[in-house]
Amino acid sequence: MEKKEGEGEGEEEQVVNPWTVSAKGGGKIDYDKLIDQFGCQRIDQSLVDRIHRLTSRAPHVFLRRGVFFAHRDLSEILDAYERGEKFYLYTGRGPSSEALHLGHLIPFMFTKYLQEAFKVPLVIQLTDDEKCMWKNLTVEESQRLARENAKDIIACGFDVTRTFIFSDFDYVGGAFYKNMVKVGKCVTYNKAVPSFPSSFPHLFGGQDNLRCLIPCAIDQDPYFRMTRDVAPRIGYQKPALIESSFFPAMQGETGKMSASDPNSAIYVTDSAKEIKNKINRYAFSGGQDSIEKHRELGANLEVDIPFKYLSFFLDDDAKLEEIRKEYGAGRMLTGEVKQLLIQVLTELVERHRRARAAVTDEMVDAFMAVRPLPNMFN
């Protein structure tokens, strides 16, 4: 039986919700406790293997290495898919800053994989209205940031024939607003609405029973527990979730990165020199404080940020395992690991920068146009 939002949260030593992420004493988030607290399920190897079998694609590195580690009703989505029933993806971004950091990219990189693997449509919401109110931005600035963020999202490689990006300022009204009112009669906020297909009649007209899968970070779970509670009460399917752990800050794995500290993250606008400087100066090391001691004891991989970042972005499983053994045993030094990470992230950011530079305003208009998707389920 699912726990309702907030059940048991007051007695926990850690707080994880869309507004606050903190562990007792500034320590690490205990994800096993979080699964128990929230009442979701862990993604095990059999589920990863099933996705591999159903899609005939190698599981994404974020699945293989447990970055996306928890779910709600993912098995039911796969059951339906195996029966020939389709679903759609929904994710979003609150456009409050000009540039995205690598942590912002993770859900979009993974969603692109899901879209390609399952050949399903995708809806991406830009909550420019919320950011306008909460961040004290003007309407015009919020809309500008939404389009700038859309360019970074498009640069991840989404298929325009299967993707609809919308901003709240542009789209909320009509069928979408009707669902907001329905939800509003049950609860006090409206994050739920894009997970109901009737909110997008130009995409899913008449397919009001279509299931929705939402890739998101685990801190969004309280929002969608509410959504899942409301859905049957207004005649819709519960959305399914696939949830990730947090991408750690450069200074250590104590929760989310801080937007107020540019040295806590690598941004997609950082130059090669800035990336090198940030990693060398700020990436917390689990290595020992002398070479002799390091050779003797090895690195503490549980707290080492360069190794953790490589576990997100180094595709080569064999190479990562080699680093795990050699660095953990002290035969590899922190400087060597940081140098490899600098290379990996510099290439990633440069690829993204080139892709983003190719995104024109006309391309943004095409993704945001209210139109049927010709390649929706093909």
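**Exercise 1. Strand β6 and its neighbours**

Task: In this predicted model, state in which sense β6 and β7 pair and over how many bridges.

Solution. Step 1: β6 and β7 run parallel to each other and are joined over five bridges. Step 2: For one residue of this pairing, take Q125, which stands opposite F166 in β7.

Task: Find which strand pairs with β6 over five bridges besides β7, and how the two strands are connected.

Solution. Step 1: Strand β5, residues 87-93, also pairs with β6 in the parallel sense, over five bridges. Step 2: In that pairing, R93 has L126 of β6 as its bridge partner. Step 3: Between the two strands comes helix α5, residues 102-118, and β5, α5 and β6 together make a right-handed β-α-β unit.

Task: Decide how many residues of β6 are buried, and which way they point.

Solution. Step 1: β6 covers residues 122-126, and five of its five residues are buried. Step 2: Sort them by direction: L122, I124 and L126 point one way, while V123 and Q125 point the other way. Step 3: Residues on both sides of the strand are buried.

**Exercise 2. Two residues with positive phi**

Task: What is the usual sign of phi for residues other than glycine? Then describe D73 and K119.

Solution. Step 1: Most residues other than glycine have a negative phi. Step 2: D73 is not a glycine, yet its phi is positive, at about 65°. Step 3: K119 is not a glycine either, and its phi is positive at about 55°. Step 4: Locate both residues. D73 sits in the loop between β4 and α4, and K119 in the loop between α5 and β6. Step 5: Classify their exposure. D73 counts as buried because its relative accessibility is 17%, under the 20% cut-off. K119, with a relative accessible area of 43%, is partly exposed.

**Exercise 3. Contacts of R162 and F377**

Task: Is R162 buried or exposed, and which residues distant in sequence does it contact?

Solution. Step 1: R162 lies in the loop between α7 (139-154) and β7 (163-167). Step 2: R162 is buried, because its relative accessibility is 9% and the cut-off is 20%. Step 3: Leaving aside neighbours within four places in sequence, the contacts of R162 include Q115, K119, V120, P121 and L122. Step 4: R162 also contacts L373, N375, M376 and N378.

Task: Describe the place, exposure and contacts of F377.

Solution. Step 1: F377 belongs to the segment after α17 (361-368). Step 2: With a relative accessible area of 19%, F377 is buried. Step 3: Residues up to four places away in sequence are not counted; F377 then touches K86, F87, K119, P121, Q207 and L210. Step 4: K119 and P121 appear both in this list and among the contacts of R162. Step 5: For a separation, take A155: its C-alpha atom is 22 Å from that of F377, and the two residues are 222 apart along the chain.

**Exercise 4. Salt bridges**

Task: Which residues form salt bridges with E82, and which helices are joined?

Solution. Step 1: E82 pairs with R50, with the closest N and O atoms 2.9 Å apart. Step 2: This pair links helix α4 (residues 74-82), which holds E82, to helix α2 (residues 45-55), which holds R50, over 32 residues. Step 3: R53 also forms a salt bridge with E82, at 3.1 Å between the closest N and O atoms. Step 4: R53 lies in helix α2 and E82 in helix α4, so this pair ties together parts 29 residues apart in sequence. Step 5: Compare exposure: E82 is partly exposed at 41%, whereas R50 is buried at 17%.

Task: Where are the partners of the salt bridge between D317 and R65?

Solution. Step 1: The N to O distance in this bridge is 2.5 Å. Step 2: D317 is in helix α15 (residues 317-328) and R65 in the loop between α3 (61-64) and β4 (68-72), 252 residues apart. Step 3: D317 is partly exposed at 38% relative accessibility, and R65 is partly exposed at 23%.

**Exercise 5. A nonpolar patch**

Task: Which residues make the nonpolar surface patch, and where is W134?

Solution. Step 1: W19, M133 and W134 make a patch of about 440 Å². Step 2: W134 is in helix α6 (residues 128-134). Step 3: W134 is exposed because its relative accessible area is 52%, over the 50% cut-off.

Note on methods. Residues are numbered from 1 along each chain as its sequence is written. This is a predicted model: local features need pLDDT of at least 70, side-chain atom pairs count only at pLDDT 80 or more; totals for chains, interfaces and linings use all residues. Side-chain values use heavy atoms; hydrogens and water are left out. Patches are made of residues with over 30% relative accessible area and no salt bridge: like charges are joined within 9 Å, nonpolar side chains (Val, Leu, Ile, Met, Phe, Trp, Tyr) within 5 Å. Accessible areas come from the Shrake-Rupley method with a 1.4 Å probe; for residues, only the protein chains shown count as cover. A salt bridge is a side-chain nitrogen of Lys or Arg within 4 Å of a carboxyl oxygen of Asp or Glu. Helices (H or I, at least four residues) and strands (E, at least two) are DSSP runs, numbered from the N terminus. Buried means under 20% relative accessible area, exposed over 50%, partly exposed in between (1.4 Å probe, protein chains only). Contact means heavy atoms within 4.5 Å. Two strands pair if DSSP finds at least two bridges between them. A crossover is right-handed if, with the strands pointing away from the viewer, the path from the first strand over the helix to the second runs clockwise.
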